[in-house]
Amino acid sequence: MALQIGDPAPEILAKDQSGNEVKLSDYKGKKVILYFYPKDDTPGCTAQACNLRDNYGALLDKGYAVLGVSVDDEKSHLKFIKKFDLPFPLLADTDHAIVEAYDVWVEKNMYGRTYMGTARTTFVIDENGVISEIIQKVDTKNHTDQILSKND
């Protein structure tokens, strides 16, 4: 069953781009923007990451930590971060444990071909680890505005 606003956010355990272990529970007491995206260094994912980067100071001022998640590996994440100077960690979910726990590993269809992939989705998690917002129709170029307009 899909996660809903008010549900406790499932714990995550993953490695970031530098091989550091990251757990959601490490952020207890902070608001977290946990955003899922399909693939490093693709146009939509780059627009979304750069929008969060360009507004990172405003997000920090509002008390948010930002974590990106895709099924790409640590090496791909590190390259993406360096190329676009991203100031937040990207978590490697190569075993699909996180995308499945958050129910964002879905069947997709492009050019008549069906395949499994990550649904671009953002979960805003409050200081107590509870989901306060779920954004499924992500505007990649204005994502920070979407987050702050609903959670300010």
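Rings of Phe, Tyr and Trp, the last by its six-membered ring, are paired if their centres lie within 6.5 Å. In this predicted model, the structure holds 8 aromatic pairs. One aromatic cluster is formed by Tyr-35, Tyr-37, Tyr-56, Phe-80, Phe-84 and Phe-88.

Phe-80 and Phe-84 are one pair: their ring centres are 5.6 Å apart and their planes stand at 75°, so the pair is edge-to-face, since planes over 60 degrees apart count as such. Both residues belong to helix α3 (residues 74-84), with a spacing of 4 residues, about one turn of the helix. Phe-80 and Phe-84 are both buried. A ring also takes part in a contact with a charge: Lys-31 lies over the face of Tyr-64, at 4.6 Å from the ring centre.

The largest nonpolar core has 24 residues, and Ile-12, Leu-34, Phe-36, Leu-67, Tyr-102, Phe-123 and Ile-125 have the most contacts inside it. The elements below each give two or more residues to this core.

| Element | Residues |
|---|---|
| β3 | 31-36 |
| β4 | 64-70 |
| α4 | 97-101 |
| β8 | 121-125 |
| β9 | 131-135 |

A second, separate core of 22 residues includes Ile-33, Tyr-37, Leu-59 and Leu-86. Beyond its neighbours within four places in sequence, Phe-123 has contacts that include Leu-3, Ile-33, Leu-34, Tyr-102, Val-104 and Ile-131.

Strands β6 (residues 105-110) and β7 (residues 113-118) run antiparallel and are joined by 6 bridges. Trp-105 stands opposite Thr-118 in β7. The two strands, β6 and β7, form a hairpin with 2 residues between them, and Tyr-111 in the turn has a positive phi of about 55°.

Conventions: Residues are numbered from 1 along each chain as its sequence is written. This is a predicted model: local features need pLDDT of at least 70, side-chain atom pairs count only at pLDDT 80 or more; totals for chains, interfaces and linings use all residues. Side-chain values use heavy atoms; hydrogens and water are left out. Two strands pair if DSSP finds at least two bridges between them. A nonpolar core is a set of buried Ala, Val, Leu, Ile, Met, Phe, Trp, Tyr and Cys residues joined through side-chain atoms within 4.5 Å. Buried means under 20% relative accessible area, exposed over 50%, partly exposed in between (1.4 Å probe, protein chains only). Contact means heavy atoms within 4.5 Å. Rings of Phe, Tyr and Trp (its six-membered ring) pair if their centres lie within 6.5 Å; planes under 30 degrees apart count as stacked, over 60 as edge-to-face and the rest as tilted. A charge sits over a ring if NZ of Lys or CZ of Arg is within 6 Å of the ring centre and within 35 degrees of the ring normal.
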